[in-house]
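Let's take a walk through this structure together, starting with its charged pairs and ending with an enclosed space. Have the view ready to turn as you read.

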Amino acid sequence: MDSLPKQTLNPNKHLKEQFVSNLDGSSILEIAALLTIVPLLVLLRYSIGFHCKIDNNGVKAVTSKKNDDEKIVISRNWKAAISLDFIFIVFPMLLFFTVLSEWVYHGTVLLSLLVLILSVTAKRSFSGLQRGQSLSFRASVSSYRVALMLITCLCILAVDFTIFPRRYAKTETYGTSLMDLGVGSFVLANAVVSRQARDVSSGNWITGIKATAPLLLLGFIRLVTTSGVDYQVHVTEYGVHWNFFFTLAAISILTSFVNIPAKYCGLLGFAVLAGYQTWLLSGLNTYLLSDERGTDIISKNKEGVYSILGYWGMYLLGVHLGYRLFYGKHTNIRSTTSSIARVFLVSLLLWIVTILFDNYVERISRRTCNMPYVTWVLAQDLQALGIFMLSSYIPLNKLSSLEEAIDQNLLATFLLANLVTGMVNLTVDTIFASPFSSLLILTAYAFALSAIIGTIHFSGFRLKFW
């Protein structure tokens with residue numbers, strides 16, 4: 001008697017895996033332009049005003065529109081503020097990542113001009129604004145981290161639809177794409193604001209191990225759930241069992257055992273990256289980029305295991321840059337002109353180094369996390385952070401309501417996005433959906449995510465452990 005065919009919740013698993021495999025990415029310039037649009041959308045939102053926040057008296061809505069009698073209007077309509085954030089930030093991001101991807105350069109220029117005009121107009125209306133009202137560096141970093149989370153949440157589902165350009169999906173071996181920046185940007189964002197970068201004691205290695213436990217737990221939960229529902233996994237991304245959470249956990253463990261002052265992290269980070277890059281050029285890259293995969297656990301997860309060296313080096317450099325640019329004794333953590341100029345100058349130098357490495361050492365590879373990839377992530381993210389810091393020139397700027405909600409619930413946002421992404425993939429044949437249906441589903445997903453996180457935040461809930 002013939003055995004019954006195996007039932008699966010994901011019958012198109014193989015097709016979906018092929019859909020995100022063997023891709024070459026886009027140009028460095030296009031990705032830079034695309035990631036300039038994101039902070040410009042946020043600055044545009046700041047220019048318009050009307051935000052909600054939580055204080056001891058409840059929910060307040062604040063508008064920067066001025067009249068003769070008042071500047072601040074108190075309301076409880078936080079839903080309207082979240083909706084405006086979605087309309088001016090999230091939805092345009094989704095459009096530029098999908099149906100407007102051919103208009104990236106035009107969008108960058110037009111948004112730059114629009115933000116400039118609105119900023120000048122607003123500054124004239126608020127000529128008496130106190131300088132101390134500018135956003136601090138901490139707030140700018142919060143905007144940067146929130147934008148990174150929004151990009152990630154949109155891309156992890158959009159990549160499974162045909163309206164998401166294949167050049168924005170993760171590259172197979174060498175090259176650059178929007179999604180290639182993901183894990184590197186998270187590592188850098190954690191490094192820049194870490195206790196180590198702020199030169200604050202982080203305790204002993206035992207404390208570090210305990211702090212790593214939630215990441216390891218999330219990593220194993222993801223591994224079990226993806227295997228349990230037969231979810232598609234792009235093996236060459238991290239390996240058979242490895243995932244994003246294990247990489248973050250490994251970096252945290254290494255940092256706990258090798259805990260040195262921030263001013264020396266740059267030297268150690270460069271040494272780690274130089275040694276790792278030398279090893280790659282000596283033949284390790286051939287092994288990591290090949291289809292060769294043995295039966296032992298390390299071989300099955302070679303991409304995730306070996307790339308730890310690259311990500312750790314990146315983390316150490318991020319700690320050093322955070323300390324030197326923002327937390328050192330002679331730095332001012334407010335978004336002043338001098339601090340903004342330093343960020344853009346370092347970004348420019350890293351862009352030059354990236355181009356030289358990419359052309360004369362080895363092409364950028366997210367899969368191996370080589371040195372050109374590390375300098376590219378540093379250059380790109382510092383550029384984006386510098387643009388966020390330009391919010392200092394927008395009168396009465398403040399974190400938008402959605403930014404505040406996501407910033408206080410980064411973990412909840414990421415977990416919710418992964419959960420909904422999995423549910424959509426198991427119920428919808430994403431690769432066969434029409435462009436209209438795809439955009440409709442993605443819009444509904446993005447709005448639901450914004451609304452749920454907004455509701456969670458304004459209800460007073462917070463889920464955050466790193």
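In this predicted model, a good place to begin is the salt bridge between the side chains of R367 and E172, where N and O lie 3.9 Å apart. R367 sits in the loop between α13 and α14, while E172 belongs to the loop between α5 and α6, so the pair links parts of the chain 195 residues apart. R367 counts as buried because its relative accessibility is 3%, and E172 is buried too, at 13%. These two residues also belong to a network in which salt bridges with shared partners join E172, R293, E303 and R367.

The loop between α5 and α6 has further pairs to show you. From there, K170 reaches E237 in helix α8, 67 residues away in sequence, with their closest N and O atoms 2.1 Å apart. K170 is buried, with a relative accessible area of 18%, and E237 is buried at 17%.

Now look for E102 and R167, whose side chains form a salt bridge at 3.4 Å, N to O. E102 lies in the loop between α3 and α4 and R167 in the loop between α5 and α6, so this pair ties together parts 65 residues apart. Here E102 is exposed, at 57% relative accessibility, whereas R167 is partly exposed, at 23%. The whole structure holds eight salt bridges.

Finally, turn to the empty spaces. The second largest cavity has a volume of about 50 Å³. Helices α2, α3, α5 and α15 each give at least two residues to its lining, and α5 provides the largest share, four residues. Eight of the lining residues are nonpolar, one is polar and one is charged.

Terms used
Residues are numbered from 1 along each chain as its sequence is written. This is a predicted model: local features need pLDDT of at least 70, side-chain atom pairs count only at pLDDT 80 or more; totals for chains, interfaces and linings use all residues. Side-chain values use heavy atoms; hydrogens and water are left out. On a 1 Å grid over the protein atoms alone, a cavity is a set of points where a 1.4 Å probe fits but cannot get out, and a pocket is an open set with protein on both sides within 12 Å along at least five of seven lines; lining residues have an atom within 4 Å of a point. Grid points are joined across faces, edges and corners, and a volume is the space filled by probe spheres set on the points. Ala, Val, Leu, Ile, Met, Phe, Trp, Tyr, Cys and Pro count as nonpolar, Asp, Glu, Lys and Arg as charged, and the others, Gly among them, as polar. A salt bridge is a side-chain nitrogen of Lys or Arg within 4 Å of a carboxyl oxygen of Asp or Glu. Buried means under 20% relative accessible area, exposed over 50%, partly exposed in between (1.4 Å probe, protein chains only).
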